[in-house]
Amino acid sequence: MAETFPVKPKLKPTSGKTTLTPESKYWRSFKTPKDIESKSLVYPINSISFNPIAPHDIAAAHSATVSIISGKTLDHKHTISDFRDTAASVSHRLDGKLLAASDLTGTVHVFTKTRDHLRRLKGHTAAARLVRYPRFTDKLHLFSGGDDSVVKYWDVSTEKCLINFLGHKDYVRCGDASPVQDELFISGSYDHKIKVWDVRGSQSVSVMELNHEKPVESAIYLPSGGLIATSGGNFVKIWDLIGGGKLLYSMESHNKTVTSLCLGQIKNNDNPHRILSVSLDGYLKVFDYAKFKITHTTRFPEPLLSVGFSPDCSTRVIGTSKGTLYIGRRKNKDESEDINDRVVWKGVIDNDEPRKEVLRPSYYRYFHRGQNVKPSQGDFLIKRAKKVKLAEHDKLLKKFRHKEAFVVCLNNKNPGNIVAVMEELVARKKLKKCVMNLDKDELVLLLGFLQKYAMMPRYAGFLTKMANWVLELRAEDIRGSDEMRNQIRNMKRDVEEEIRVQQALLEVQGVISPILKIAAKR
């Protein structure tokens, strides 16, 4: 007897899933642990900072509060609420012992690890949107920027502003300190400019100016200290400071404003550093600036405002405009021991587990092993052919009971299977006979199916022809039934509506086509 295969709907064009690269698998491995509930801080999360010292606690600025989250357990440790207005920016000192935060009153606050209020630095006449500590060796100074267009360099110990850097003509919203030199830092403003400042000079003017061409939302130094990345609008740009401020690359991958940038890192990689960008379009993009290409994309359900990545490459944090904190923790595979990596000597594993006796073909028990025993390298493995599971309509088709298979499929109401059975009956030249032999109730069922799916683009090509056949073959039966006449009337109405839509689309195409041709010539 010939082998029977189940009837399957034809495959339709799909978007197609691409194979994940090792880097995509790495970034997808950052997931929220099951025992940690998703954190909601209610208000927009304006800034995120990781403590440089293990266990790398997380500071998140939201409303008039800075929340501290344990980098080890991801639990909420404590809250700093000594602010009169919204906390806009937060930054840890390089030794992790001090935390600076700015608020919309224009004050920069300095706190100790025990949440004690150490300093209040007052000098901005408008909201202070930026505060950063130096990242190299300096522990005594910090710089801030605000909506008064001024960048200030502070001596924390004396609470005095040492230098007022002037030059921006709009709100200063972002900046970063050089990773290789304490005296250099950058600031970005809504005047589209990024300025490089050097505190060693007596003048308060920038040593370099770059034009991002959009209001600058975020600016960071890259690890070498000679490159910076800036974001504004839906662009992320890479600049070469050593080369005189040359624009190396401009990336336009987001659909809305890119709100924050940070540095990410991949362990055990020749080129480990990546730029992580988040946007109001809800996407996180990972950018390999050595190859100038995006290596990974993740979609979130809310607009994203801030992003942070832990120094030990184990935690990624994203803050949203609705106050949700997405914390992704990557399992450290180095800590999980694999039995295949242990040292085996004379049949004994080094963790003092008892040695299991190896079965040999000469033993009686070798031939009475269970079905779950895995074959060894020298065994011959004989696999049984898997039994094909047939649906009810496939079983009936196998027995050449065509009408019954057709009716069973109609009753199941799966359009893909119904069309597949119809196509099989066309191939067997039995569809016309099946339609002729349908009784009144079965014909009503068929007409209901045609009315519902005949105008669906996926099936229209086949079902419109099928509808014409049914009308020709069963015209007399349809005239004698009010229910079937109503179904035909509804089907006619749907066809007229589809024709009207197609005509409208053709009119739109006629208007747009000349415009596209003119644009192509330019």
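Trainee: Let's start with glutamate 159: is it buried, partly exposed or exposed?

Mentor: Good place to begin, and keep in mind that this is a predicted model. The relative accessible area of glutamate 159 is 37%. Buried means under 20% and exposed means over 50%, so with its 37% glutamate 159 is partly exposed.

Trainee: Which residue forms a salt bridge with glutamate 159?

Mentor: The closest N and O atoms of the pair are 3.7 Å apart, and the cut-off for a salt bridge is 4 Å. The pair links distant parts of the chain, 40 residues apart, with glutamate 159 in the loop between β12 (151-155) and β13 (160-165) and its partner in strand β9. That partner has 22% relative accessibility and therefore counts as partly exposed. The residue is arginine 119.

Trainee: How many salt bridges are there?

Mentor: Glutamate 159 with arginine 119 is one salt bridge, and aspartate 147 with arginine 173 is another. By the rule used here, the count comes to 19.

Trainee: How many residues apart in sequence are the parts tied together by aspartate 147 and arginine 173?

Mentor: Their salt bridge has its closest N and O atoms 3.2 Å apart. Aspartate 147 sits in the loop between β11 (141-146) and β12, while arginine 173 is in strand β14 (residues 172-177), so the parts they tie together are apart in sequence by 26 residues.

Trainee: And is aspartate 147 buried or exposed?

Mentor: The relative accessible area of aspartate 147 is 15%. The cut-off for that class is under 20%, so aspartate 147 is buried.

Trainee: Which side chains make polar contacts with histidine 124?

Mentor: Histidine 124 is placed in the loop between β9 (117-122) and β10 (128-132), and it is buried because its relative accessible area is 7%. One contact spans 2.7 Å and another 3.2 Å. The partners are serine 144 and aspartate 148.

Trainee: How far apart in space are glycine 146 and histidine 124, C-alpha to C-alpha?

Mentor: Glycine 146 is in strand β11, and at 0% relative accessibility it counts as buried. In sequence, glycine 146 and histidine 124 are 22 residues apart. In space, C-alpha to C-alpha, the distance is 6.7 Å.

Trainee: What is the N to O distance in the salt bridge of arginine 401 and glutamate 404?

Mentor: Arginine 401 counts as partly exposed at 36% relative accessibility, and glutamate 404 is partly exposed too, at 37%. Their side chains meet in a salt bridge with an N to O distance of 2.5 Å.

Trainee: Which residues are joined into one network by salt bridges that share partners?

Mentor: Here we leave the pair of arginine 401 and glutamate 404. The shared-partner network joins Glu23, Arg274 and Asp288.

Trainee: On to the surface: which residues form the positive patch?

Mentor: One member is lysine 399, found in the loop between α2 (392-398) and α3 (402-412). At 54% relative accessibility, lysine 399 counts as exposed, and patch residues need over 30%. The patch is formed by Lys387, Lys395, Lys398 and Lys399.

Trainee: Last one: what is the area of the nonpolar surface patch that includes Ile512?

Mentor: Isoleucine 512 lies in helix α9 (residues 482-521) and, at 39% relative accessibility, counts as partly exposed. Together with Val508, Val511, Ile515 and Leu516, Ile512 makes a nonpolar patch of about 460 Å².

Key. Residues are numbered from 1 along each chain as its sequence is written. This is a predicted model: local features need pLDDT of at least 70, side-chain atom pairs count only at pLDDT 80 or more; totals for chains, interfaces and linings use all residues. Side-chain values use heavy atoms; hydrogens and water are left out. Patches are made of residues with over 30% relative accessible area and no salt bridge: like charges are joined within 9 Å, nonpolar side chains (Val, Leu, Ile, Met, Phe, Trp, Tyr) within 5 Å. Accessible areas come from the Shrake-Rupley method with a 1.4 Å probe; for residues, only the protein chains shown count as cover. Lys and Arg count as positive and Asp and Glu as negative; His and the chain ends are not counted. The place of a charge is taken as NZ of Lys, CZ of Arg, CG of Asp or CD of Glu. Helices (H or I, at least four residues) and strands (E, at least two) are DSSP runs, numbered from the N terminus. Buried means under 20% relative accessible area, exposed over 50%, partly exposed in between (1.4 Å probe, protein chains only). A polar contact is a pair of N or O atoms within 3.5 Å; within protein, one must be able to donate a hydrogen and the other to accept it, and residues adjacent in sequence count only if both atoms are side-chain atoms.
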